[in-house]
Amino acid sequence: MKTLNSSTLSKIHTYSIRNAFRFRTQFSFPNDSFLCSLCSSKNGGRLTLTLSFSSKRKTVFCKLKTSKNESNVKGKKKSLQAPTTTKIEAPEPGGAPAVSGESGEGSVPPPPPPPPRSKKVGSWKLKGLPKRVLAVLSNLPLALAEMFAVAALMALGTIIDQGEAPDFYFQKYPEENPILGFFTWRWILTLGFDHMFSSPLFLVTLSLLGASLMACTYTTQIPIVKVARRWSFLHSAEAIRKQEYSDTLPRASIQDLGVILMGAGYEVFLKGPSLYAFKGLAGRFAPIGVHLALLLVMAGGTLSAAGSFRGSVTVPQGLNFVIGDVLGPSGFLSTPSESFNTEVHVNRFYMEYYNSGEVSQFHSDLSLFDLNGKEIMRKTISVNDPLRYGGITIYQTDWSLSALQVMKDDEGPFNLAMAPLKINGDKKLYGTFLPVGDTDSTNLKGISMLARDMQSVVLYDQEGKFAGVRRPNSKLAIDIDGMRIVVLDAIGSTGLDIKTDPGVPIVYAGFGALMLTTCISFLSHTQIWALQDGTSVVVGGKTNRAKGEFPDDMNFLLDQVPEIVDSSASMQLDSSSG
């Protein structure tokens with residue numbers, strides 16, 4: 001007798017249905033061969049299956065042996081079920097096998113069972129770990145708690161001043177007078193609340209929320225879409241009548257119903273007497289798109305908070321600065337680029353005024369130069385009209401006066417540096433001083449000059465008395481204490497904010513996708529089933545949105561289905577009319 005090899009055994013299909021055992025083959029066995037299979041049951045019992053084949057007699061002998069574990073009760077002997085031998089007559093092609101059973105010992109002894117395989121300890125725990133983690137992350141209360149935590153941290157970040165020096169927090173949140181009895185500067189600096197949106201606590205909470213969104217998408221939304229995409233025909237009228245809406249068309253054709261539904265925008269599928277139609281499948285995909293859009297927004301916001309560079313500088317007209325010298329990293333993801341070596345030259349700074357004399361707008365004419373000194377870009381920027389180059393954005397945010405250019409007794413010109421003076425209110429005031437006489441004297445006197453903007457300069461004599469007002473570039477001289485003074489120009493300084501924000505395109509794309517998918521999610525996913533039952537058509541359907549309007553829409557569609565008229569009745573009607 002021959003033994004089948006492993007390649008032959010792979011073609012044998014076995015099925016276990018509760019307590020029954022079914023065996024099926026798809027090939028011809030060689031003469032005088034047998035098969036032995038050993039299985040283990042849940043309670044530790046053993047099932048031995050021995051098959052003997054003989055192609056000459058066209059018969060198959062099957063021997064089943066089962067045994068149970070030793071009982072846990074002391075004093076009881078092991079119970080062994082008697083083996084059973086089943087004879088299966090091999091049928092002719094197209095026939096059914098004849099099965100006969102008999103008890104007793106089999107004629108073919110089974111080979112010794114193979115040694116049991118050792119299972120790794122704890123492998124069953126690791127196997128179900130991903131499912132348990134997904135179940136925890138996709139929990140709705142947990143996701144809501146994460147959303148509230150993120151919102152609370154963001155609100156706290158708007159209340160606490162961000163990016164200030166430690167001394168600022170020492171003074172505003174002292175330990176002597178803690179807020180709410182416990183909140184001091186130690187909480188802010190320890191938890192990183194001075195840079196909230198790149199702090200570890202905020203990023204971890206945001207990451208947990210993103211993980212919950214992905215888990216919900218994988219465990220809930222994607223299976224819903226898979227089910228919605230299947231063409232599910234209902235083959236019984238009872239199942240169709242159990243739908244949210246059902247009706248019966250007494251004399252109608254299911255083909256006519258399909259044409260009406262196609263005209264209403266449905267995808268229609270026919271299979272014999274059954275019909276399935278749907279529309280609005282995009283509404284099922286929309287929640288997945290909403291989740292992905294939220295993930296884009298969170299990823300872009302995180303990249304902006306932890307991967308950007310920021311800096312500010314005040315540059316007088318005519319001077320240069322290097323962008324990389326101004327910018328500072330904002331987080332652990334910040335990476336400099338080649339555009340940091342770009343040099344910026346302030347060609348001109350000027351201001352515009354209202355009729356009342358107040359400043360309305362200020363402009364800076366900027367040129368960008370590469371390492372070789374070649375001008376690569378030039379633009380005049382203003383408030384709300386920045387310059388963008390190589391991922392770097394330069395904003396016009398502030399202004400000041402840096403110097404006054406004057407002539408004294410036709411000597412000069414002299415550039416007098418101006419300093420900001422503190423006054424009450426939001427208006428700016430700058431001042432400078434033109435020394436007169438011996439500059440090494442301890443009792444130095446001179447002419448004082450004050451300016452609020454670049455329109456006019458107020459001059460005072462050595463005693464501090466008002467001497468007059470002159471406009472820069474007017475070339476009008478003024479005599480003060482025997483000296484002739486001419487104010488040639490007021491040199492302004494431009495205040496620039498510079499930053500790189502790689503997360504902005506991602507955030508914009510996320511918000512755009514969020515608005516689009518939110519609108520798509522309002523589309524109703526409607527499903528309709530129908531069955532031709534004799535001359536009647538049983539129709540049923542359901543929808544996930546607009547449930548109040550759905551019956552009216554269905555009635556409107558079914559009213560358009562034509563009624564089938566009996567041919568004999570129509571012939572009698574024609575004869576009577578003739």
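A salt bridge here is a side-chain nitrogen of Lys or Arg within 4 Å of a carboxyl oxygen of Asp or Glu. With that rule in hand, let us walk through this model together. The model is predicted, so local features need pLDDT of at least 70 and side-chain atom pairs count only at pLDDT 80 or more, while totals for chains, interfaces and linings use all residues. Residues are numbered from 1 along each chain as its sequence is written, and side-chain values use heavy atoms, with hydrogens and water left out.

## Salt bridges

By the rule above, the structure has 9 salt bridges. Three of them are set out here, with the N to O distance for each.

| Acidic residue | Basic residue | N to O distance |
|---|---|---|
| D365 | R378 | 2.5 Å |
| D161 | K172 | 2.7 Å |
| E244 | K547 | 3.0 Å |

To place these pairs, note that helices (H or I, at least four residues) and strands (E, at least two) are DSSP runs, numbered from the N terminus. For accessibility, buried means under 20% relative accessible area, exposed means over 50%, and partly exposed lies in between (1.4 Å probe, protein chains only).

The side chains of D365 and R378 meet at 2.5 Å, N to O. Since D365 belongs to strand 16 (residues 359-369) and R378 to strand 17 (residues 375-382), the pair ties together parts that are 13 residues apart in sequence. D365 is buried, at 12% relative accessibility, whereas R378 is exposed, with a relative accessible area of 51%.

In the pair of K172 and D161, joined at 2.7 Å, K172 lies in helix 5 (residues 166-172) and D161 in the loop between helix 4 (140-159) and helix 5, so the contact ties together parts that are 11 residues apart in sequence. K172 is partly exposed at 43%, and D161 is partly exposed at 28%.

The salt bridge of E244 and K547 has an N to O distance of 3.0 Å. E244 sits in the loop between helix 8 (237-241) and strand 9 (245-249), and K547 in the loop between strand 29 (536-543) and helix 13 (550-558), so this pair ties together parts that are 303 residues apart in sequence. K547 counts as partly exposed, with 46% relative accessibility.

## Strand 11 and its partners

Strand 11 (residues 274-279) is mostly covered, with 5 of its 6 residues buried. Two strands pair if DSSP finds at least two bridges between them. Strand 10 (residues 267-271) runs antiparallel to strand 11, and 5 bridges join the two. Within this pairing, E267 has F278 of strand 11 as its bridge partner. The hairpin of strand 10 and strand 11 has 2 residues between the strands, and G272 takes a positive phi near 65 degrees there.

Strand 28 (residues 526-533) is also antiparallel to strand 11, joined by 6 bridges. In this pairing, K279 stands opposite T526 of strand 28.

## Aromatic rings

Rings of Phe, Tyr and Trp (its six-membered ring) pair if their centres lie within 6.5 Å; planes under 30 degrees apart count as stacked, over 60 as edge-to-face and the rest as tilted. The structure holds 16 aromatic pairs. One of these, F182 with W187, is edge-to-face, at 5.6 Å centre to centre and 80 degrees between the planes. F182 is partly exposed at 44% relative accessibility, and W187 is partly exposed at 41%.

For Y276 and W529, the ring centres are 5.7 Å apart and the planes stand at 40 degrees, so the pair is tilted. Y276 is in strand 11 and W529 in strand 28, so the rings tie together parts that are 253 residues apart in sequence. Y276 is buried at 0% relative accessibility, and W529 is buried with a relative accessible area of 4%.

Ring pairs also link F168, Y169, Y173, F182, F183 and W187 into a cluster.

A charge sits over a ring if NZ of Lys or CZ of Arg is within 6 Å of the ring centre and within 35 degrees of the ring normal. R348 lies over the face of Y350, 4.2 Å from the ring centre. The charged end of K428 sits over the ring of W399, at 4.4 Å from its centre.

## Annotated spans

The unreviewed UniProt entry lists residues 133-160, 201-220 and 288-309 under "transmembrane region". UniProt positions are given in the numbering used here, feature names are shortened, and annotations may be inferred rather than shown by experiment. In the model, residues 133-160 are 89% helix and 0% strand, with the end C-alpha atoms 35 Å apart. Residues 288-309 are 86% helix and 5% strand, and the end C-alpha atoms of this span lie 33 Å apart.
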